[in-house]
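Hi,

Here is the structure I said I would pass on. Have a look at it first, and my notes follow below.

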Amino acid sequence: MDSLTMAQVEKRGGLLRKSSASKKPLKEKVVLMYDEIFMTEDPSKCSPRFWEELFLMKVNLEYLEGKLESLDGEELMKIKDNINCLFQHCIQALGEEHPIRVVNALQTLCALIRGVHQKNKSTSGFDIINMLMGFDKAELCMKNLMESLDSLLCAEGSESLKSLCLKLLLCLVTVTDNISQNTILEYVMINSIFEAILQILSHPPSRREHGYDAVVLLALLVNYRKYESVNPYIVKLSIVDDEATLNGMGLVIAQALSEYNRQYKDKEEEHQSGFFSALTNMVGSMFIADAHEKISVQTNEAILLALYEAVHLNRNFITVLAQSHPEMGLVTTPVSPAPTTPATPLGTTPPSSDVISSVELPLDADVQTSNLLITFLKYSSIVMQDTKDEHRLHSGKLCLIILTCIAEDQYANAFLHDDNMNFRVNLHRMPMRHRKKAADKNLPCRPLVCAVLDLMVEFIVTHMMKEFPMDLYVRCIQVVHKLLCYQKKCRVRLHYTWRELWSALINLLKFLMSNETVLLAKHNIFTLALMIVNLFNMFITYGDTFLPTPSSYDELYYEIIRMHQSFDNLYSMVLRLSTNAGQWKEAASKVTHALVNIRAIINHFNPKIESYAAVNHISQLSEEQVLEVVRANYDTLTLKLQDGLDQYERYSEQHKEAAFFKELVRSISTNVRRNLAFHTLSQEVLLKEFSTIS
């Protein structure tokens, strides 16, 4: 019992108080014990109860990790047996009755894994698995470790203990920048904890506590050697069909994204009401761009990756996107506030659990219901505004990839276009000098696909700049095309202001032409021009099957005729380049062929409009008069039938996006590791919880 009471005293006291300056401070007992492990002798030779006592001491993570880092490779090899011994005793201690021992063993494992890995960054050339466990014992060691973690995660026991198990797993997964080079993960593949993760997500209480860590852990494990070998987590995730689990996962993701949206909105309001608005009114809006760059909340790529993997791998998850839940943050339940550290940027720490609990309240008639898709669209509208820094560019790209997967899915399209599911979606719009800030109150209630199209139009309009995000533009146009293909196939007549899309596309063509030389130095702009022209061809050829009214079809023609100068200029440009023998010959000539029907429309109607004006002595025709001429002359217009306008290549990750995902996962892994700080691993809560050992 002596050692127990001693341990409790130490737990409360931590480091012993330093005596007067002349004397050296006394070392904590646990530190002295670590020092013995760092000798070449077996520490249990002299004191047989060494290992038992060690796990009753409060772990000093920093000392242990620092000590491991300070040794060079050779010194470390000399004490390999003691490190193997410590690792094995940690695993044994996980099966102990006393939670204190379990906690200390978990924390010691974190320090060991991180310390040895830090060491391995230099070219010391030792093998991590051999250093920690010894080759001969590694398989059994890891089997026992994974089984213990699995049973701790699935047990009824302490929530803080489960939290520490997840932190240890996150620590294990992220010790290397490139997770696919982390050989220990082979054992995590063989001894799967997939079911334990699902169990956490399917039970509301454990999901509130640990959902965030569980979802991030799953997203990382799915990315281990995903292109090289069969990853069991991918296989298992793709067939989950349990509703409670999938909804749980959706709620965790929705919660993290809506927390981001809320933080952004708060910052934005702070900005507008503050000193800046006064200054802006005074000096005009020349500072608007700078003002907005300051509103940055760190993006959350880990949660986005989890959403992507769920949407991409699991067909059943698509139904979760449309599950209604009350708009988060509007409903609040009085809960004692959880202490949060304002210093941590969002995306690194899970949202505080008091907000999560509000999600499961019954629907309230006064609260606008939302769903994961709406939350995601709002998030995308913020993240995609500013693609200047690398993280936001990555996030913007990932948002568009997720939208691509959604736009290709038959079921997703069914609810996106469902007339009985109408929502007001308040997307963020970038402040621009030439347009008024739209009032949120007059937002119409419309099918969700309208919000997706609005988001794409918003992107098109706001990113015509020198640092042209070509890749994002291509993806954006592809999303619109896929939605149109669905509308054409299912004859969905969507009541949408198509004119906004048409004018955005024409402005984009104008931008490509006026910056031809600058852009051609970096991009093949003809692929993008061809996609835009083919969107118009899609409207011209099939518009009568999906445009809402005959007059919308007339408006399309009106828009093409009104903006004929842009199409004429584009034709001259591609003609010039397709007749030269330069590198753009082939790409430009494709655009030349694609323009055939647009040119036929312009060449057919323009002379008729001019003669109408001459006969009636009108210098400037009104829109109605032009439409009248258009309607009267449809029957004499001949168009060519173009093939393949409603065909598209389906999204494929492995060949085209592998490099992007490798880079993304590397950045997420580094971020998660950085935020697994000592204080999250040493969990004072745990010590309070288990300070008395019965």
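How many aromatic pairs does a search of the whole structure find? The search turns up 22 aromatic pairs. Before the details, a reminder that this is a predicted model, so please read everything below as computed from that model.

Let me start with one of those pairs. Tyr-557 and Phe-605 sit edge-to-face, with 5.9 Å from centre to centre and 85° between the planes. Tyr-557 belongs to helix α29 (residues 550-562) and Phe-605 to helix α32 (residues 596-615), so the pair links distant parts of the chain, 48 residues apart. Both partners are buried: Tyr-557 has 1% relative accessibility, and Phe-605 has 0%. Another pair is made by Phe-660 and Phe-661, whose ring centres are 5.2 Å apart; their planes are at 70°, so this pair is edge-to-face too. Phe-660 and Phe-661 are both buried. There is also an aromatic cluster, formed by Tyr-496, Trp-498, Trp-502, Phe-539 and Phe-546.

Two members of that cluster, Phe-539 and Phe-546, have numbers that fall within helix α28, which covers residues 525-546. That helix is worth a look. Where does α28 bend? The bend is at Ile-540, and it comes to about 50°. As for its surroundings, α28 is mostly covered, with 16 of its 22 residues buried. Its N-terminal end is capped by Asn-524, which places a side-chain oxygen 3.0 Å from the backbone nitrogen of Phe-526.

Phe-526 comes up again around Met-573. This methionine is in helix α30 (residues 564-579) and is buried, at 6% relative accessibility. Leaving aside residues up to four places away in sequence, Met-573 touches Met-513, Glu-516, Ile-525 and Phe-526. For one more distance, the C-alpha atoms of Met-573 and Val-591 are 10.0 Å apart, and the two residues are 18 apart in sequence.

Now the charged side chains. The count comes to 34 salt bridges, and here are some that I picked out. Asp-177 pairs with Arg-673, with 2.6 Å between the closest N and O atoms. Why does this pair tie together parts that are 496 residues apart in sequence? Because Asp-177 lies in the loop between α10 (159-174) and α11 (185-190), while Arg-673 is in helix α35 (residues 658-675). Asp-177 is partly exposed, at 29% relative accessibility, whereas Arg-673 is buried, with a relative accessible area of 16%.

Helix α15 (residues 243-273) gives a more local picture, centred on Arg-262. Arg-262 meets Glu-259 in a salt bridge of 3.1 Å, N to O, and forms another with Asp-266, where the closest N and O atoms are 3.0 Å apart. Glu-259 and Arg-262 are three residues apart in the helix, a separation of about one helical turn. Arg-262 and Asp-266 are four residues apart in α15, again about one turn. The geometry fits the general rule: an α-helix has 3.6 residues a turn, so residues three or four places apart point the same way. On burial, Glu-259 is buried, with a relative accessible area of 7%. Arg-262 is partly exposed at 37% relative accessibility, and Asp-266 is partly exposed at 35%.

Elsewhere, salt bridges link Lys-397, Asp-471, Arg-475 and Glu-657 in a network.

Last, the cysteines. How many disulfides does a search of the whole structure find? The answer is zero. Cys-110 is in no disulfide, and the nearest cysteine sulfur, that of Cys-171, is 4.5 Å away. The cut-off for a disulfide is 2.5 Å between the sulfur atoms, so that distance does not qualify. Cys-110 is buried, with a relative accessible area of 1%. Cys-476 is buried as well, at 0% relative accessibility.

If you open the model, the bend in α28 at Ile-540 and the salt bridge between Asp-177 and Arg-673 are where I would begin.

Cheers

Notes. Residues are numbered from 1 along each chain as its sequence is written. This is a predicted model: local features need pLDDT of at least 70, side-chain atom pairs count only at pLDDT 80 or more; totals for chains, interfaces and linings use all residues. Side-chain values use heavy atoms; hydrogens and water are left out. The bend at a residue is the angle between axes fitted to the seven residues ending there and the seven starting there. Helices (H or I, at least four residues) and strands (E, at least two) are DSSP runs, numbered from the N terminus. Buried means under 20% relative accessible area, exposed over 50%, partly exposed in between (1.4 Å probe, protein chains only). A polar contact is a pair of N or O atoms within 3.5 Å; within protein, one must be able to donate a hydrogen and the other to accept it, and residues adjacent in sequence count only if both atoms are side-chain atoms. A salt bridge is a side-chain nitrogen of Lys or Arg within 4 Å of a carboxyl oxygen of Asp or Glu. Contact means heavy atoms within 4.5 Å. Rings of Phe, Tyr and Trp (its six-membered ring) pair if their centres lie within 6.5 Å; planes under 30 degrees apart count as stacked, over 60 as edge-to-face and the rest as tilted.
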